[in-house]
Amino acid sequence: TECVSGCVCPEGLFDDGRGGCVEHKDCPCIHNNEWYSSGDKIKVDCNTCTCQKGIWECTDDVCYGTCMIYGSGHYNTFDGKFYDFDGSCEYVATQDFCGDKNSSGSFSIITENVPCGTTGVTCSKAIKMFLGKTELKLENKEYKEIQRDVGDDVQYWNRTVGLYLVIEASNGLMLIWDKKTSIFIKLSPNYKGKVCGLCGNFDDKANNDFTTRSGLQDSNALNFGNSWKQSPMCPDVTEEIKPCDLKPHRKSWAERECSIIQSEVFKICHSKVDPLPYYEACVHDACSCDSGGDCECFCSAVAAYAQECLKAEACVFWRTPDIC
């Protein structure tokens with residue numbers, strides 16, 4: 001449309017975006033602002049994408065969904081919506097009892113959130129997992145099993161992997177707990193669009209994840225979160241807490257510590273998983289945990305980013321004798 005001074009490629013060759021000219025078959029592809037050469041493969045969730053003539057060709061496998069709840073009230077839904085909600089009560093994290101008359105449902109996961117620190121933010125202290133007629137309660141680094149009278153038999157297995165307790169059930173549900181404030185819930189693809197709760201509805205669309213208990217869509221995280229509380233006796237959350245404004249003297253320490261997420265240590269991951277929401281969540285947590293457990297809050301926040309990096313196949317070795 002206009003003349004631009006500088007070099008152009010000769011007939012039959014294409015500008016490769018890096019200052020060179022290539023044949024069409026060698027055109028590179030771009031993903032998250034990084035260039036990849038023709039033939040390069042990347043992993044997106046459980047699918048592999050190959051760069052061919054400037055276009056990504058991806059496999060079409062249906063992937064497990066993961067919902068993450070960590071630190072002081074951070075949620076990342078099955079469909080990848082990131083939000084904060086600080087309620088002090090028991091809340092439905094996810095369940096398949098969702099109002100459809102024909103579905104009886106087979107599981108429900110409840111998170112009990114309690115204040116951590118003096119600013120009013122909350123952390124997940126205990127988790128209740130209902131599998132058919134079995135109830136598992138995860139608290140104080142261990143879990144108890146309670147058998148109830150109603151419900152089906154759902155088999156489950158548990159194992160310890162590194163820092164994490166993993167509970168896997170025969171119905172396609174897996175829960176990974178760091179025995180502190182982080183839980184990861186994995187669901188098989190059969191549950192797509194059939195679950196509800198703070199983890200969203202797992203239908204591959206993040207824009208409708210704020211569906212309240214009554215089935216209405218909301219744009220406000222507080223209204224949405226309040227609708228999923230287990231007991232009507234708990235107070236509603238009315239405002240978003242900004243702990244760094246309440247504890248300004250902790251802010252510079254928090255920013256300095258959390259800068260590791262945006263540093264060279266995680267550089268390999270930055271193009272695969274956007275570090276900004278994890279950095280902001282880390283600063284929020286480092287400001288808020290002011291009654292002991294400062295390091296635990298900071299470490300959980302960095303570990304949450306490291307975990308997402310791992311899912312994107314970026315292995316980062318960030319723990320040192322000085323850090324976590």
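# A guided reading of a predicted chain

Guide: The chain has six helices and 19 strands, and the model in front of us is a predicted one. Along its principal axes, the C-alpha trace spans about 75 × 55 × 40 Å.

Visitor: How much of the chain is made up of buried residues?

Guide: Of the 324 residues in the chain, 46% are buried. As for the outside, the accessible surface comes to about 16900 Å², and carbon and sulfur atoms account for 50% of that area. Among contacts with a separation of 6 or more, 47% are between residues that lie 24 or more positions apart.

Visitor: Let us take one helix as an example. What should the span of helix α5 be, given its 13 residues?

Guide: A useful idea to begin with is that an α-helix has 3.6 residues a turn, so residues three or four places apart point the same way. For the length of α5, which covers residues 276-288, a rise of 1.5 Å a residue leads to an expected span of 18 Å, and the C-alpha atoms at its ends are indeed 18 Å apart, so the two values agree.

Visitor: Is α5 mostly covered or mostly open?

Guide: It is mostly covered, since a residue counts as buried when its relative accessible area is under 20%, and ten of the 13 residues in α5 are buried. Among them are Tyr278, Tyr279, Cys282, His284 and Ser288.

Visitor: What covers the buried residues of α5?

Guide: The cover includes the strands β8 (65-70), β9 (74-76) and β10 (82-84), together with the helices α2 (243-246), α3 (248-258) and α6 (294-311).

Visitor: Now I would like to read the empty spaces. How much space lies in the largest pocket?

Guide: The general idea is that rolling a probe the size of a water molecule over the atoms shows where empty space is left. In this structure, the largest pocket holds about 790 Å³ of space. Its lining has 33 residues, of which Val44, Asp45, Glu308, Lys311 and Ala312 are the closest to the centre of the pocket.

Visitor: Which element supplies the largest share of that lining?

Guide: The largest share, four residues, comes from β5. At least two residues of the lining are supplied by each of β5 (41-44), β8, α5 and α6. By kind, the lining of the largest pocket divides into 13 nonpolar, eight polar and twelve charged residues.

Visitor: Where is Glu308 placed, the residue you listed by the centre of the pocket?

Guide: Glu308 is placed in helix α6, and because its relative accessible area is 12%, Glu308 is buried. Once its neighbours within four places in sequence are left aside, Glu308 is in contact with Met68, Asn76, Val273 and Tyr278.

Visitor: How many cavities of 30 Å³ or more does the structure hold?

Guide: The structure holds one such cavity, and the volume of the largest cavity is about 50 Å³. Its lining includes Asp84, Phe85, Leu222, Glu240 and His284, and the lining as a whole divides into four nonpolar, one polar and four charged residues. His284 is also one of the buried residues of α5.

Visitor: Let us turn to the loops. Is Asp178 buried or exposed?

Guide: Asp178 lies in the loop between β18 (173-177) and β19 (183-187), and because its relative accessibility is 13%, Asp178 counts as buried. Not counting residues up to four places away in sequence, Asp178 touches Leu163, Tyr164 and Ser300. Asp178 and Leu163 are 15 residues apart in sequence, while their C-alpha atoms are 5.9 Å apart in space.

Visitor: And which loop holds Glu23?

Guide: Glu23 is found in the loop between β2 (21-22) and β3 (29-31), and with a relative accessibility of 43% Glu23 counts as partly exposed. Leaving aside its neighbours within four places in sequence, Glu23 is in contact with Leu13 and Phe14. Its C-alpha atom is separated by 31 Å from that of Val273, which is 250 residues away along the chain.

Visitor: Last, I would like to read the backbone angles. What is phi of Glu313 near?

Guide: Most residues other than glycine have a negative phi, and most peptide bonds are trans. Glu313, in the segment after α6, has a positive phi, near 65°. Cys324 is placed in the segment after α6, and its phi is positive too, near 55°. At 34% relative accessibility, Cys324 counts as partly exposed.

Definitions and conventions: Residues are numbered from 1 along each chain as its sequence is written. This is a predicted model: local features need pLDDT of at least 70, side-chain atom pairs count only at pLDDT 80 or more; totals for chains, interfaces and linings use all residues. Side-chain values use heavy atoms; hydrogens and water are left out. The expected span of a helix is 1.5 Å times one less than its number of residues. Buried means under 20% relative accessible area, exposed over 50%, partly exposed in between (1.4 Å probe, protein chains only). Contact means heavy atoms within 4.5 Å. On a 1 Å grid over the protein atoms alone, a cavity is a set of points where a 1.4 Å probe fits but cannot get out, and a pocket is an open set with protein on both sides within 12 Å along at least five of seven lines; lining residues have an atom within 4 Å of a point. Grid points are joined across faces, edges and corners, and a volume is the space filled by probe spheres set on the points. Ala, Val, Leu, Ile, Met, Phe, Trp, Tyr, Cys and Pro count as nonpolar, Asp, Glu, Lys and Arg as charged, and the others, Gly among them, as polar. Accessible areas come from the Shrake-Rupley method with a 1.4 Å probe; for residues, only the protein chains shown count as cover.
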